[in-house]
Amino acid sequence: MAVHQGTLIKQGAEARVYIAPFCGRKAIVKERFAKAYRHPALDKKLTSRRVTQEARCLNRCQKALIDTPTVYMVDVASSLIYMELIDGLSVREYMETDEGSTQAARTHIAEEIGRALGKMHNIDVVHGDLTTSNLLMRNNDSKSVVLIDFGLSYVSNLVEDKAVDLYVLERAFSSTHPNTEVMFEQILASYGTSCKASKQILKKLEEVRLRGRKRSMLG
Ligand SMILES: Nc1ncnc2c1ncn2[C@@H]1O[C@H](COP(=O)(O)OP(=O)(O)OP(=O)(O)O)[C@@H](O)[C@H]1O
Ligand SMILES: [Mg+2]
């Protein structure tokens, strides 16, 4: 049940995203809903945990001046997060435009993504669902990359968790955007200069890749 006058823009498996007014301006409202197959009490618990986790990781990023939507309000009882509406396309959409297909634009995006992820891992936030749909590009002159969708995020200082985070993005990249190996290398190069522990993390990434390959050979 909606407790706001929003316009639905995305219906996902676990969340609905609306554009709704908040204090006189347009905002994004993300609402998590119950899943019919789960026990109601357990479901309530899981849903509120996801809402709290998402809001907590967003706040942690904000405090570290990492570009993420500003959280306006969290309503745990109704499983709602009100946040800043980012004006811009997702990286996925942008890469499909003429402008976003040029070498210069792609180099810029890669640098931005690497820097954003490096800063995020520096404060021990692991995103958990890195795809080019969960990265938005601000429609301003600097075209900065904004990280969104922290529904699967958590705080961890483990090298392994951060390496898997990068691996998830690498897989998403190669399946969504063919022939972008060079661009992904640029992302990692930029990550390398922004993330303090990048040396160990990138080394671990090679291990994670090998494991992934073995697993896919086993079918
Ligand atoms: N702050 C925002 N500003 C602008 N657009 C947004 C914002 N947050 C979400 N969106 C849009 O809504 C879409 C879905 O949001 P989001 O990725 O957070 O949810 P989801 O993928 O359904 O969630 P989850 O994976 O946590 O179940 C995004 O891909 C983006 O297009
Ligand atoms: Mg998403």
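**Exercise 1. Is F173 buried or exposed in this predicted model?**

Task: Classify F173 by accessibility, then describe its surroundings.

Solution.
- Step 1. Locate the residue: F173 belongs to helix α4, which spans residues 159-176.
- Step 2. Read the accessibility: the relative accessible area of F173 is 1%. Because buried means under 20%, F173 is classed as buried.
- Step 3. List the neighbours: beyond four places in sequence, F173 is in contact with M95, I113, T132, T180, M183, F184 and I187.
- Step 4. Compare sequence and space: F173 and L130 are separated by 43 residues in sequence, while their C-alpha atoms are 9.4 Å apart.

**Exercise 2. Which residues does T180 touch?**

Task: Place T180 in the chain and characterise its environment, then treat N179 in the same loop.

Solution.
- Step 1. T180 is situated in the loop that joins α4 (159-176) to α5 (181-194).
- Step 2. With a relative accessible area of 5%, T180 is buried.
- Step 3. Apart from residues up to four places away in sequence, T180 touches M95, R106 and F173.
- Step 4. N179 also lies in the loop between α4 and α5. N179 is exposed, at 71% relative accessibility, whereas T180 is buried.
- Step 5. The backbone of N179 has a phi near 60°, a positive value in a residue that is not glycine. Most residues other than glycine have a negative phi.

**Exercise 3. Where is S79, and what is its phi?**

Task: Describe the position, backbone and accessibility of S79.

Solution.
- Step 1. S79 sits in the loop between β4 (71-75) and β5 (80-84).
- Step 2. Although S79 is not a glycine, its phi is positive, at about 55°.
- Step 3. S79 has a relative accessible area of 4% and is buried.

**Exercise 4. Which residues coordinate the magnesium ion (ligand 2)?**

Task: Identify the donors and relate them to the chain.

Solution.
- Step 1. The magnesium ion (ligand 2) is coordinated by N134 through OD1 and by D149 through OD, at 2.1 to 2.3 Å.
- Step 2. N134 is in the loop between β6 (125-126) and β7 (135-137), and D149 is in the loop between β8 and β9, so the pair ties together parts that are 15 residues apart in sequence.
- Step 3. N134 is buried, with a relative accessible area of 8%. D149 is partly exposed, at 21%.

**Exercise 5. What does the side chain of S153 approach within 2.8 Å?**

Task: Work out the setting of S153.

Solution.
- Step 1. S153 is in the loop between β8 (145-147) and β9 (154-155).
- Step 2. Its relative accessible area is 0%, which makes S153 buried.
- Step 3. A polar atom of the S153 side chain lies 2.8 Å from the backbone oxygen of H127.
- Step 4. With neighbours within four places in sequence set aside, S153 is in contact with Q53, C57, V126 and H127.

**Exercise 6. Which backbone oxygen does the side chain of S101 reach?**

Task: Describe S101 by location, accessibility and contacts.

Solution.
- Step 1. S101 lies in the loop between α2 (91-95) and α3 (103-122).
- Step 2. At 41% relative accessibility, S101 is partly exposed.
- Step 3. The S101 side chain reaches the backbone oxygen of M95 at 3.4 Å.
- Step 4. Outside the neighbours within four places in sequence, the contacts of S101 are M95, E96 and R106.
- Step 5. From S101 to P21 the separation is 80 residues in sequence and 34 Å in space, C-alpha to C-alpha.

**Exercise 7. How do α5 and α6 pack?**

Task: Give the geometry of the helix pair, then name the residues that make the contact.

Solution.
- Step 1. α5 packs with helix α6 (residues 198-218) at an angle of about 145°, and the two axes are 9 Å apart.
- Step 2. The crossing of α5 with α6 is right-handed.
- Step 3. On the α5 side the contact is made by E185, L188, Y191 and G192, and on the α6 side by S198, I201, L202, L205 and R209.

**Exercise 8. How many disulfides are there?**

Task: Apply the distance criterion for a disulfide, then examine C195.

Solution.
- Step 1. A disulfide requires a pair of cysteine sulfur atoms within 2.5 Å. By this criterion the count is zero.
- Step 2. C195 is in no disulfide; the nearest cysteine sulfur is that of C61, 13 Å away.
- Step 3. C195 is buried, with a relative accessible area of 5%. C23, by contrast, is exposed, with a relative accessible area of 70%.

Note on methods: Residues numbered from 1 in each chain as written. Chains lettered and ligands numbered in written order. Heavy atoms only, no water. Buried < 20%, exposed > 50% of the residue type's maximum accessible area, 1.4 Å probe, protein only. Helix = DSSP H or I, 4+ residues; strand = E, 2+ residues; numbered from the N terminus. Contact = heavy atoms within 4.5 Å. Polar contact = N/O pair within 3.5 Å; in protein donor to acceptor, adjacent residues only side chain to side chain. Donors = N, O, S within 2.8 Å, 3.2 Å for Na, K, Ca; no water. Axes fitted to C-alpha atoms, helices over the stretch in contact; angles between N-to-C directions. Left-handed = near helix turned anticlockwise from the far one by under 90°.
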